[in-house]
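Here are a few notes to help you find your way around this one. Have a look at the sequence and the model before reading on.

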Amino acid sequence: MKLLKLLTAVLLSALSVPVASAMAAEDSPSPLLGRWSLDISTSALPVAQRPKQVVLEFKDAGGGRWSSHVDIVLHDGKTMKSDGTLALDGTPGPLSGSYGADRANLKLPAPNTLVMQLVDHGTPASTRIYTVAADRATMTETKAFYGHDGTPILQTNLFKRMP
């Protein structure tokens, strides 16, 4: 009888470890949250057109919503900004600022991956996929959009986590 109780206790303990680990993983914040700076050398734009600085920030706004803030210093010194607080379930919502988008939606298919669609005055602007690497220090942005002639374009940029 003692052996049966011991085996039951060991079995229950072993089964609870994966459950506890899964619950801890769900409760841990996404590695996307925080401030990110574009590694300008990875920009797909020609050197003369590359921005001087791009800072992107994601914050948990609670209730399944994230706030995003973007600061861009263009090659000519002009600035652009964008702010929004959106649900992570793909529901479209408004953006404010001077960046070329006034609406967006967000989806978080995995803790380290965010999909963002941007719209400017009813016209699709771009889809961006942000993926944080295992080192949690680098984030890749894949930007999908169409050129003025309708040609599909994919660009990849690398961001580094800021303190």
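The points below go from the sheet to the aromatic rings.

1. Before we start, please keep in mind that this is a predicted model, in which local features need pLDDT of at least 70, side-chain atom pairs count only at pLDDT 80 or more, and totals for chains, interfaces and linings use all residues. Residues are numbered from 1 along each chain as its sequence is written, and side-chain values use heavy atoms, with hydrogens and water left out.

2. A good place to begin is the sheet: eleven strands form an open sheet with antiparallel pairing, in the order β5-β7-β8-β9-β10-β11-β1-β2-β3-β4-β6. The edges belong to β5 (93–94) and β6 (96–97); each has a single partner strand, so one side of each is left without a neighbour in the sheet. Strands here are DSSP runs (E, at least two residues), numbered from the N terminus, and two of them pair if DSSP finds at least two bridges between them.

3. Next, follow β2 (residues 53–62) and its neighbours. Four bridges connect it, in the antiparallel sense, to β1 (residues 34–38), where R35 has E57 of β2 as its bridge partner. On to β3 (residues 65–73): nine bridges join this strand to β2, again antiparallel, and E57 has H69 as its bridge partner there.

4. The hairpin of β2 and β3 has two residues between the strands, and G63 takes a positive phi near 65 degrees in it. One step further along, β3 pairs with β4 (residues 79–87) over nine antiparallel bridges, and S68 stands opposite G84 in β4.

5. How many aromatic pairs does the structure hold? There are two, counting rings of Phe, Tyr and Trp (its six-membered ring) with centres within 6.5 Å; planes under 30 degrees apart count as stacked, over 60 as edge-to-face and the rest as tilted. F58 and W66 have ring centres 5.8 Å apart and planes at 40 degrees, so this pair is tilted. For F58 and Y130 the centres are 5.7 Å apart and the planes at 70 degrees, so that pair is edge-to-face. The latter links distant parts of the chain, with F58 in β2 and Y130 in β9 (residues 123–132), 72 residues apart.

6. Taken together, F58, W66 and Y130 form one aromatic cluster. Are F58 and W66 buried or exposed? Both are buried (under 20% relative accessible area, with exposed over 50% and partly exposed in between, using a 1.4 Å probe and protein chains only). F58 and Y130 are both buried as well.
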